[in-house]
Structures are given as C-alpha cells and as structure tokens.
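Ready for a few warm-up exercises on a two-chain model? Take a look at the picture first, then work through the tasks below.

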Amino acid sequence: MATIGQDIAPPDLVAKVTGRAKFAEDFRAEGMVFAKLLLSPMPHARVRRVDASEALAMPGVLGILRAEEVPQVDAPREACLTDEPLYEGEPVLAIAAVDETTAADAIDRIKVDFEPLPFVLDPLESLRPNGPDARIGGNYFFRPRGSDIAEFRSHKWTDADFAAAGEGQMPMGEPRTEWSVGDLDAGFDQADLVLDETIVHQTLSHHPMEPRSCMAYWQNGKLYIHPSTQSTARTAVGIARSMDLDPDDVVLIGPYCGGGFGSKISGSPTMLIPAVMSRKIGRPVMMRINRYEETYIGRSRPGFQARVKIGFRNDGRVTALDLYIVEDGGAYGSGDFNTAGTVASLSYQPLAMRLRGVSLYTNTPPRSAQRGPGGAQIVGMLEPIIDKAARQLGIDRVAIRELNAPDNNGWLGPQQGRLTSAYVREALAMGKEIFGWEEKSRLSGQRNGTKAIGVGVGLSPFVGGSTGYDGLVVIRPDGKLYVHQGIGNLGTHSMADTARAAADVLGLPWDRVEVVWGDTSKHLPWSSNQSGSQTIHAHTRANHAAGIDARRKLQQIAALDWGGSPGDYVVGGGRVYHRSNRNQGMTFGRAARRAIQLRGKFSGYEMDDDLNAMTVASVQALAGQGLIGAAKDNYGREGSTWTFVVGFALVELDVETGQVDIKEYTAVADCGTVIHPRSLAAQIHGGGVQGFGIARSQRWVYDPQWGVAFAKRFYTARPPGILDVPLEMKWGAVGIPDPQTPVGAKGIGEPPVGAGSAAITSAIADALGGQCLCRTPLTLDVILAALEGREQPYGPLETHV
Amino acid sequence: MAVIRDMIPAFDLFQPTSIEDAIDLLDQYGDDSWVFAGGMDSFDWMKDRIKRPTAVVDLGNIPELKGITSSDDGLEIGAMTTLTEVASNSDVTSRFGLLSQAAGLVATPQIRNQGTLGGNLSQDTRCWYYRAGWPCYRAGGNICYASAPLAMNREHCIFGADRCVAVNPSDTATALIALDAKMVVHSSKGEREVDAEDYFIGPGIDITRMTVLETGDILTTIRIPGTWAGAQFYFEKVEDRKSWDFALVSVASALVVNNGRIERARIAVNGVAPYPMRLDAVEAAVTGKPQNEETAEAAGDIAIRGASPLRHNDYKLPLMKNLVRRALREQAP
C-alpha cells in the first residue's frame with residue numbers, strides 16, 4: 001500500500017511525547033560552561049567604554065566576548081554582538097562562567113558607558129521632513145543593482161505630502177518601490193464602487209516555544225554545534241560561511257526544533273556566540289536564551305501602515321487595486337510589503353494594479369519571515385474591505401471571492417507570473433459545504449442577549465514550493481531504505497513525510513524505511529531551507545528522483561544477475577523481480593550486497609555530475625555501504641507553485657464588553673495531493689490559531705518616549721491560549737494533484753495563518769454590521785470604543801500599541 | 001551597572017513550619033526578608049532581579065495556613081490554600097460561589113494549582129513600567145512614567161490616581177469585598193483582623209504597598225461571614241484572552257433580592273483603581289429598588305461618575321459601566 005495519503009506517526013513522536021527528545025538546551029559536553037548576554041538598555045546607542053574588570057575578577061568567571069571578536073558583517077547586516085545597538089535588547093557582549101548564576105551576577109557588575117543616539121520607532125515619523133533616522137546616516141540602505149554604491153540614505157516626504165492626506169488618512173509621498181500592471185486609471189474608470197481605506201497592521205513577535213538557545217564546542221579543529229534551527233544542512237553551511245570554516249569542519253546536531261515560524265530559518269545570528277566563546281576559552285559553552293531575551297532577539301513580523309484603493313464593478317469584479325504600504329523594517333530591514341503586493345494581485349486578479357512601498361529601518365527588534373510573511377498581513381487587512389464592497393453591492397461574500405479568484409490561468413506580481421495550479425473555487429465550494437455557509441451566513445448580525453453573531457471568510461494564498469534540490473537514499477544489506485534528509489525537523493513532520501515519495505517509488509512499506517536526519521555527520525544531501533512552505537514540494541520531488549535512481553539500479557542489478565533487460569524487472573514489497581516470474585529476483589538486502597560488490601554507480605563510487613558539492617561529499621562518505629540512489633530534482637516546472645487556504649469563522653461579539661469569542665472555524669486547502677492527513681490538519685489548524693492571535697489579541701507595545709518594549713512576556717504579548725480556540729475546528733483539502741510535480745503536493749506551512757486572521761477580521765467586521773476597523777489586533781478596547789461611539793484608544797495610524 | 005533579567009540571583013531560603021517561626025524570621029531579617037506564598041508574583045520579581053531579598057521565607061510548610069474550615073455560620077480559609085482548592089471546595093461553591101468563580105478565573109490551571117488565595121490577594125501591581133524596574137513613585141522614585149503624555153496606559157486606572165496610576169490585579173479581591181470577608185494578619189505584635197476592603201490601600205496611604213501588610217506581617221486567614229451565603233452572585237472578568245491574563249475590568253456583586261426588590265447589595269470592581277473599589281454609591285442607590293433594567297442602567301451611570309481616563313484607557317468607562325449593569329441584572333447574559 002502506498003504510504004502517501006496515510007496517517008503514519010513520524011519517527012520522532014515517541015521521543016517527543018516521552019520527553020526524551022533533546023532540544024538545543026538539553027545537550028551536554030564534558031566541561032561545559034554557561035554564557036549570558038548583556039543587552040542594550042537603549043533603542044539606539046554607542047558603546048563608549050566597557051569596564052568588566054570587577055566581573056572578570058569574580059571566581060568562576062571564564063571570559064568575556066566583545067563585538068570586535070565575533071565574525072564581522074558588512075552594513076546593513078546584523079552581527080551577533082554589537083557596539084552600536086540599534087534596538088533595546090540587542091546583545092552587546094557575553095560573559096562565560098562555570099554556571100549561569102555566576103554569569104548573570106557577572107553581567108550585573110559590568111559597567112557600560114552608553115552614548116544615547118537618536119532613535120525612531122514609527123516609520124511615518126522617520127518619513128517626516130526632519131524626522132529621525134534609525135541608523136547613523138539614514139533610514140534605508142541604498143545599493144542599486146550593478147553599482148558600487150552601498151550606503152545609508154534618508155528617505156523623506158514633504159510637509160505637503162503629509163498635509164495632502166485627509167484627517168486620519170495615510171499620507172502617500174514618494175515611494176521607494178513601485179510597480180504596476182495594466183491601466184490603473186482605466187480600471188478605476190470602469191469601477192462602479194471605489195473604496196479607499198487606511199489600514200494598520202501591528203508588528204508581532206514570533207514566540208516559538210523553544211527559545212534560540214545554543215551549545216557549541218570544538219574538537220580536533222571541528223566545530224560541534226547544537227543550535228535551535230529550522231533547517232539542518234543549510235544552517236550548517238551558513239555557520240561554516242560565517243565562521244570562515246570548511247563545511248566539513250562544522251558538525252551540526254539538532255534533530256528537534258521547538259518551533260520557529262520563520263525566525264530560525266538558518267538558525268540565528270546569536271548561535272555564533274557560544275561557538276566563538278568556546279574557541280576563546282577552550283570549554284564547551286551553553287547559551288540558554290530565556291523568554292525575556294527571546295522576545296528581543298527572536299525576530300518579528302513587520303507591521304504595515306497602508307492605504308488601499310479598490311475599484312469594483314457592479315458584479316463585484318475588482319477592476320483596480322492601488323496599494324501603498326509603509327513597512328516597519330526594524331533594525332535590520334525587511335521586504336514583506338513586496339510579497340504583500342504579490343499576494344494581493346493573486347487573490348483578486350485585478351484588471352489593473354499598482355503597488356507602491358517604502359520599507360524603512362526603525363529602532364525596534366529585527367524582522368524576519370513569519371509564517372506567511374507579507375501575505376498574512378495583507379489578507380487579514382484586505383478581506384474585510386472586500387466584504388464591505390460585497391455588502392454595498394449586494395453580493396454574497398463568498399461569491400465575490402469566487403468571481404475574483406485565480407484559476408490555473410491566474411497571474412501574480414509585477415511580471416504577471418504564472419501558476420502551476422490554483423483550485424481556489426473548489427476550495428471555496430468545499431469550505432462552504434463543510435462550514436455550512438448558506439445557513440451560517442443567515443445568522444450574521446443576529447443577537448443572542450448581548451452577543452452579536454459575525455460570520456467571516458478569508459482567502460489566503462502563499463507560495464508553496466521550490467525545486468532543484470538533491471535526494472539521497474541508501475538501501476543497506478539489512479534490506480531497509482535509509483532516506484537521508486538535509487531539511488530540518490521543525491515539528492511539521494516534513495522530514496519524515498517527504499521520505500514517503502522514495503518509499504512509494506520503491507514500493508516499500510513504511511516499517512522498512514528509516515529516516516536519517518538532524519545531524520550533518522550522518523551525510524545529508526543538499527536541501528532546501530526548512531522555510532517558505534517549500535519542503536513538501538521540494539523534497540517529495542528530490543526524494544522521488546532519488547527513489548527512481550535507486551529503482552533503476554535495482555532493475556539493472558537484477559538484469560545483470562538474472563538476465564534480460566532492466567525494464568523486465570519491477571520492484572515491490574522489498575524485492576526486485578521479473579515481471580512475469582516473481583521468483584526470478586532478489587530481496588533489497590541481497591541487491592544491496594550486490595551493489596557493494598559491483599561498486600561504481602551502484603554503491604556511490606560514481607554519481608551524477610549535477611549533484612551539489614554537499615551531496616557529493618555525503619555520497620562519497622556513504623560509498624560502499626549499500627545501493628545508493630542520489631539524484632537532483634530535474635523535474636520541470638513552469639510558473640510558480642502557490643497554495644490557497646480559505647478560512648470560515650463564526651464569532652460572537654459581546655456588544656457590552658467588546659469581547660470576541662470564536663465559536664466555529666473551518667479551513668480548506670488547495671495544497672495538491674495530501675501526503676499525511678493528520679499532519680496537514682495540524683498545519684491548517686495551527687496556522688489558523690496563529691492567525692486568530694494576529695487578528696484578535698497579540699500585542700507589540702513600545703513606549704514612544706523611551707523607545708523600549710513592554711509586551712515581552714507571554715502574558716503581556718498575549719498570543720492565543722487554548723481557551724481562545726474553538727472546541728471543534730474542521731478542515732478539508734481539495735486534493736487535486738498539482739500537475740507540475742511528480743507527487744502532486746504543494747506546501748502548506750504558511751497560508752493557513754492568513755486564512756485564520758482574515759476569517760476573524762472578516763467575522764468581527766460582520767458582527768459590527770459591516771464596519772471595518774482596518775486595524776490589527778482587534779482588541780476589545782478598539783471594538784468597544786467603536787460600539788459605544790467613543791474616541792478610539794489609538795490614532796488611526798498609531799502603531800506599536 | 002548593566003541590567004540582566006530572567007535569571008534568579010541566589011538567596012537564603014527558609015521553610016518554617018509554624019507561623020511563630022515565620023514571624024521570627026521576618027523580624028530577624030527585616031527589610032531583607034520576603035514572604036513567599038505560591039511564588040507566582042515573587043518569582044517574576046526575583047527573575048528580573050528588581051526585588052532582591054536575601055532571606056526568602058516560604059510559608060508552604062506551615063500546615064495551619066492551609067485548608068478550608070467551617071466556623072460559626074461562615075468559612076475560614078487558610079491564606080496558603082491554593083486557588084484550585086478555593087475554586088473547587090464544595091463549601092465555597094455551594095455557599096460562596098462568588099469566590100469560587102473568581103478563583104477559578106485566575107490565570108491558568110497550573111498557576112491556580114501553585115498560586116494561593118493569600119498570594120492572589122497580596123500580589124503587587126502589574127504596571128509594566130514599575131515591573132520593568134523603572135524608578136517610579138511606587139519604586140521609591142519621584143515620577144510616574146505610566147501617566148506621561150505618550151505613555152502606554154491601556155491597562156491603567158480611571159479612578160484613584162495619586163501620583164501612581166497602577167491597578168490592583170487580584171481577581172479574588174472583589175469577591176471577598178462583596179462577601180464582607182475579614183483578613184487575619186499576624187505579626188510579632190499579635191493578631192489583627194481587617195475588613196477586606198480596608199486590606200487594600202491606595203497610593204495615598206502608602207505608595208510602595210498594595211495592602212496593609214508591612215514588614216513582619218503575614219496574612220494567615222481569610223474569614224468569610226455567613227452574612228452573604230447563598231446570595232445572588234455575579235462575577236465577571238473581562239480580559240484580552242480567556243486564560244493567563246489579568247482583568248482589564250472585573251466586577252463582583254452579592255445581592256439579596258426579595259420579591260424582585262434589592263434588599264441588600266455589595267458590589268466591587270477591580271482593574272480600575274490602584275485598589276479594588278467597593279461601589280458604595282451604587283450599593284446605596286440600588287438598595288430598596290426593583291431589580292430591573294432601569295435600576296441597572298442607573299447603577300452603571302453612577303458607578304463611573306468621577307472617572308478620569310488616561311490617554312489609552314477611555315474604554316474602561318463603558319466597560320465598567322456595562323459590567324456594573326450586568327452585575328445588577330436578574331439574568332446574567
């Protein structure tokens with residue numbers, strides 16, 4: 001029976017539920033000591049002088065690490081320690097000691113003379129004619145393609161730009177990025193309804209359960225490192241590059257990662273600190289990151305202040321979409337707004353569209369991809385505006401999405417790129433059915449005591465796959481298939497689930513498959529990052545290719561030993577045998593022994609010349625251990641691969657308190673072939689819950705006068721708790737294979753977030769009788785002020801609140 | 001000196017087995033001592049290295065501080081009784097359901113298993129400026145950062161500001177005020193009993209404390225008289241999330257209603273002032289009135305008279321008004 005489509009527990013499950021799984025801070029090494037960080041107390045400062053003499057004289061203190069001792073990077077990139085902190089909480093130096101208590105006490109005793117520098121938290125403030133810049137020299141980095149120029153510059157708008165915006169409306173001065181498709185003016189001319197809205201999307205921390213702790217030591221010139229990272233192979237390569245080491249001299253062991261959501265794609269800058277400290281003091285160094293530190297250094301999703309003008313024909317078709325986004329790039333920059341524009345074009349297929357954007361540095365923590373970067377923000381903000389149009393035009397809210405949604409001929413972005421597949425209408429139809437849209441949407445606005453019912457729908461596309469990586473499998477004399485995986489184990493099960501592509505090609509039951517992962521000393525192939533919802537697509541392809549390569553070799557060995565041509569032989573049930581005579585064949589174990597005897601390509605002494613150097617090194621190391629299948633994903637693909645998730649929600653809004661209770665949630669995915677139903681459900685629901693937090697409760701608060709953060713603990717940042725999640729959440733998958741990938745599967749990690757967020761912002765607007773507050777999070781103070789007709793607690797463009 | 005957080009410095013831990021021994025230790029160490037109940041507030045302060053007691057006196061091994069017993073027509077609850085027990089004890093749920101409701105809404109099951117009633121009542125404010133270690137009035141300085149023109153004060157007070165604008169975070173405080181409970185405090189000077197509403201003090205009395213407890217004092221027992229047993233109760237806590245959150249506004253009421261007329265009423269709110277507020281004017285206004293929407297409406301309006309919002313917490317006015325109305329309605333929504 002094929003493994004694809006079955007619920008099969010991944011091989012890491014028992015260790016996880018029994019607590020035996022080792023995460024970064026669980027590793028130990030002989031003589032291990034501890035490091036603690038000194039974080040900047042100011043949003044922007046220069047370190048003038050450090051006096052660590054008292055700290056270094058303490059018994060048990062082993063050393064200090066300063067910014068000049070760690071790998072240096074070119075501006076505007078981020079080093080792991082700095083003497084010019086760009087946000088409150090940025091690591092300035094580290095101390096190592098025999099235990100954490102001593103290390104912390106030593107940090108206490110260090111005197112740092114900080115020179116405060118001008119800072120800015122809100123990009124709109126930085127855009128004002130004499131507004132402050134986050135960096136010395138500017139608020140963005142200017143590095144035009146094909147030029148030698150690389151410098152900070154200041155981007156400013158004029159007083160007239162600010163004055164031109166209406167009261168409470170988003171001003172729109174000179175953008176830094178602009179693209180358009182079609183004739184925007186003609187699009188608006190055709191429109192029967194034009195909506196023009198100012199929107200604010202809050203910045204949000206990632207809050208993975210596992211903070212980015214790291215342990216490192218050196219042995220015989222090799223660096224052994226245990227970071228908390230989403231990816232395995234790619235993180236090791238990145239560490240080697242940063243530390244100026246040969247990739248062979250980095251052994252990364254990290255079989256488990258307690259969540260990253262895009263904040264640990266290739267680890268974290270700070271993972272170099274224990275590595276460098278260990279080299280300096282000659283002891284293994286453990287740096288445990290606590291929740292307080294994690295909130296500062298743990299990355300965040302960039303907030304947007306934006307304005308959108310959308311034109312609709314009477315039938316609901318979007319004729320023109322004009323989007324202007326000012327993005328808060330934090331201390332080291334971001335480009336989410338570009339993806340936001342692309343996602344908007346894909347969702348609504350407007351007849352004409354323009355994106356304008358400015359992304360500026362601010363003195364707030366670093367941004368990075370966060371599960372659906374750019375996409376989750378924009379769909380959560382635009383979907384209630386689409387609802388508003390549907391309501392004004394008298395169209396069903398699902399119908400307006402069906403009308404505008406892309407199909408297989410859809411396009412996206414400034415180049416009007418093409419898609420491998422899009423079954424959005426099928427997903428909407430299935431979602432309507434499971435959720436019961438016809439019946440539920442009739443409840444919209446009904447009151448039960450003080451509770452008003454709101455029903456919402458949100459469509460969320462996100463990129464779902466990359467191509468061109470390597471697969472590596474070994475059939476050993478024990479007759480088992482060993483699938484080597486260079487992707488990470490983020491908890492999504494894709495390190496196990498993508499191995500199924502090779503198993504099915506070889507007709508092998510799952511109990512004969514071993515997944516090799518999480519340790520670069522185990523000879524892993526060149527792999528995608530464990531990010532961008534790539535892996536299920538990229539590595540079902542790569543493992544399919546490696547499986548095909550192994551199958552071909554099995555057939556060749558059988559033909560060599562039993563005569564005939566390889567094509568006469570088939571594989572299945574752990575044997576390769578003649579198609580007309582099952583007895584004419586051999587077990588995989590025997591074939592593996594024959595492959596070892598035959599050497600050459602059969603057991604890894606020769607290989608395809610298009611493999612990546614990392615894969616080549618791994619095949620060489622494994623040579624002679626069995627029958628080796630190693631191949632690059634050379635399957636063709638035209639266009640890009642996108643996944644679509646639609647979310648449906650029913651909420652109850654208490655009109656006396658502003659509290660929102662999510663009663664029902666259903667989400668349906670167009671993610672191609674379903675590999676692992678239970679795991680898919682976990683992604684759809686888990687991402688949905690993350691979206692609920694974005695829409696409803698999760699906060700990021702700064703004091704504007706002092707530039708320091710307040711929502712830095714779980715209880716103040718308020719990601720959703722289990723009681724904020726409906727008891728029963730339903731899901732579905734369209735299940736139509738993507739035609740341009742052999743297994744048919746598209747990625748699913750990210751688009752569920754936007755679906756969750758948009759379904760809730762849409763449902764809240766519905767419960768408010770169609771009033772779109774155009775802000776996230778929609779906390780009860782914002783809602784109650786609207787219900788009571790009182791002044792809003794925050795200005796229309798106010799951010800970090 | 002540099003700042004480091006989330007890392008508890010070393011301290012001496014004392015685990016006395018009697019109230020007398022605990023008081024002796026507190027007297028011996030004076031201002032360097034720290035009374036430790038469930039630790040849910042204490043650990044935060046210690047992890048952030050802002051409060052640095054050298055002698056931590058853990059009350060967890062004193063048997064007489066734990067448990068719920070009937071006395072006369074009421075109940076006596078040891079201050080070290082966990083919130084889980086308070087929320088689930090049948091004597092509490094059957095006669096003083098207001099308190100079990102309030103205790104059951106504190107934070108999370110894990111915190112309720114560890115946190116105690118005494119700790120919940122005596123905890124410090126959650127003003128994030130103060131808890132971040134800023135040298136504000138409450139911390140002994142001479143400024144309030146939370147009421148500065150640009151300050152983030154969504155969670156702060158609309159009543160009772162006196163240099164400090166923090167709020168009391170306790171969920172059980174309002175329930176005990178509504179039940180007319182008495183707090184029993186022990187010190188080397190002996191035992192004294194304080195009305196629940198007087199247990200909490202505002203910044204006008206002492207800006208560095210939330211309660212009457214001074215160094216050397218231990219809250220030992222909470223006495224609930226039978227006066228309000230079985231009354232009509234209403235408790236509601238409005239928070240941003242349904243778990244692990246502090247009340248933005250909470251309300252507790254106890255009403256004795258006869259033939260549709262309110263004979264007696266006690267009502268208190270929290271999250272609106274530096275102390276849980278008993279609403280005397282509302283109680284006076286509703287006593288003798290029919291329990292209907294008109295009475296509830298009027299009560300809500302009276303409740304927020306004199307409120308003074310800060311930059312970001314105007315929403316607390318309608319929220320408090322609406323919660324007071326609900327607390328007086330016959331049918332909870």
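## Exercise 1: Where two domains meet

In this predicted model, 20 residues of domain 2 of chain A are in contact with 15 residues of domain 3 of chain A; contact here means C-beta atoms, placed from the backbone, within 7 Å. Residues are numbered from 1 along each chain as its sequence is written, and chains are lettered from A in the order in which they are written. Local features need pLDDT of at least 70 and side-chain atom pairs count only at pLDDT 80 or more, while totals for chains, interfaces and linings use all residues.

**Task.** Work out which elements supply the side of domain 2 of chain A that touches domain 3 of chain A, and how its residues divide by class.

**Solution.**
- Step 1: get the bounds. Domain 2 of chain A covers 301-465 + 639-788, and domain 3 covers 470-632; such bounds come from an automatic or database domain assignment.
- Step 2: find the suppliers. Strand S22 (451-463) and helix H20 (677-696) of chain A each give at least two residues to the domain 2 side. Helices (H or I, at least four residues) and strands (E, at least two) are DSSP runs, numbered from the N terminus.
- Step 3: sort the residues. That side has eight nonpolar, 10 polar and two charged residues. Nonpolar covers Ala, Val, Leu, Ile, Met, Phe, Trp, Tyr, Cys and Pro, charged covers Asp, Glu, Lys and Arg, and polar takes the others, Gly among them.
- Step 4: add the spacing. The centres of the two domains, taken over C-alpha atoms, are 40 Å apart.

## Exercise 2: Two helices in chain A

**Task.** Say at what angle H17(A) and H18(A) pack, and which residues meet.

**Solution.**
- Step 1: read the geometry. Helix H17 (residues 535-562) and helix H18 (residues 588-598) of chain A pack at about 80°, with axes 10 Å apart. The axes are lines fitted to C-alpha atoms over the stretch in contact, and angles run from 0 to 180 degrees between N-to-C directions.
- Step 2: name the arrangement. H17(A) is therefore roughly perpendicular to H18(A), a label for angles of 65 to 115 degrees.
- Step 3: list the partners. From H17(A) come Lys553(A), Leu554(A), Ile557(A) and Asp561(A), and they meet Ala591(A), Arg594(A), Ala595(A) and Leu598(A) of H18(A).
- Step 4: classify them. The contact has five nonpolar, no polar and three charged residues.

## Exercise 3: Chain B and one of its residues

**Task.** Describe how chain B touches chain A, then decide whether Met320(B) is buried or exposed.

**Solution.**
- Step 1: count. 30 residues of chain B are in contact with 47 residues of chain A.
- Step 2: find the main supplier. Helix H13 (residues 316-328) of chain B gives the largest share of the chain B side, four residues.
- Step 3: zoom in. Met320(B) sits in H13 of chain B, and Met320(B) is buried, with 26 other C-beta atoms within 10 Å. The cut-offs, for C-beta atoms placed from the backbone, are 20 or more others within 10 Å for buried, 12 or fewer for exposed, and partly exposed in between.
- Step 4: check the neighbours. Leaving out residues up to four places away in sequence, Met320(B) touches Val249(B), Val269(B), Val272(B), Ala303(B) and Ile304(B).

## Exercise 4: A positive phi

**Task.** Find where Asn220(A) lies, and decide whether Asn220(A) is buried or exposed.

**Solution.**
- Step 1: Asn220(A) is in the loop between strand S11 (214-219) and strand S12 (222-227) of chain A.
- Step 2: phi of Asn220(A) is near 50°, positive although the residue is not glycine.
- Step 3: Asn220(A) counts as exposed, with 5 C-beta neighbours inside 10 Å.

Note on methods: Parallel < 35°, antiparallel > 145°, perpendicular 65-115°, else oblique.
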